[in-house]
Amino acid sequence: MLAATVAGVAAVLSYQPHSKPAGRRPQPAGIVATAPPSARRAPAGRRPHHHTGSKASGATRQPVTVIGADAPNQYGDVQVRVKVLGKRIVAVDAVTLPGSDPRSQEISAVAGPILRRQAIAAQSARVDGVSGASYTSAGYRQSLQSALDRLGSTHRPATA
């Protein structure tokens, strides 16, 4: 039993959190432009390859990435980046999580991956949150919702 506890504590302490380095500011929120393949330049002497999706199967769509607003709290800033394909959330990454002290780093290391999984499963900002990480969970919800709001109705995932 003691060996399992020691192994668990070692795993948590060795995890590298997604916290901001000292002096780094949160990124400005907004939509990150992703150029479609047709807008990319072909190397000199080569013709660009254009993919044409069939109307029956739906045209090829490009994912849209949006950075949510910074959600500060007493332990640090929380900010997320969301990648949406069509109306489906395909990825959520923490740009910034609290990490100004060892305890905040430990909480963020545990809470970040759990909140990511919850957001993708919920396909919305309606995440349950993580026990012991109330401020981080609330900031995560706030930043995620602001990112989804920026997407507008054409890309916003359906909420239950």
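**A salt bridge within helix H2**

Arg103 forms a salt bridge with Glu106, and the closest N and O atoms of the pair are 3.3 Å apart. The model is a predicted one, and the distance given here is computed from its atoms. With a cut-off of 4 Å between a side-chain nitrogen of Lys or Arg and a carboxyl oxygen of Asp or Glu, the 3.3 Å separation of Arg103 and Glu106 qualifies. By this rule, the count comes to one salt bridge.

Both partners are found in helix H2, which covers residues 102–122. Arg103 and Glu106 are three residues apart, about one turn of the helix. As for their surroundings, Arg103 has a relative accessible area of 49% and is therefore classed as partly exposed, since exposed means over 50%. Glu106 is also partly exposed, with a relative accessible area of 29%; the value is not under 20%, so Glu106 does not count as buried.

It is helpful to place this pair in the wider fold. The protein chain contains three helices and five strands, and along the sequence these elements follow the pattern α-β-β-β-β-β-α-α. Helix H2 thus comes after the five strands in this order.

Turning to the chain as a whole, 31% of its 160 residues are buried. The accessible surface of the protein chain comes to about 10,000 Å², and carbon and sulfur atoms account for 56% of that area. Contacts between residues at least 6 apart in sequence were also examined: 58% of them join residues at least 24 apart.

How values were computed
Residues numbered from 1 in each chain as written. Predicted model: local features only at pLDDT ≥ 70, side-chain atom pairs only at ≥ 80, totals over all residues. Heavy atoms only, no water. Helix = DSSP H or I, 4+ residues; strand = E, 2+ residues; numbered from the N terminus. Buried < 20%, exposed > 50% of the residue type's maximum accessible area, 1.4 Å probe, protein only. Contact = heavy atoms within 4.5 Å. Areas by Shrake-Rupley, 256 points an atom, 1.4 Å probe, with all protein chains shown as cover.
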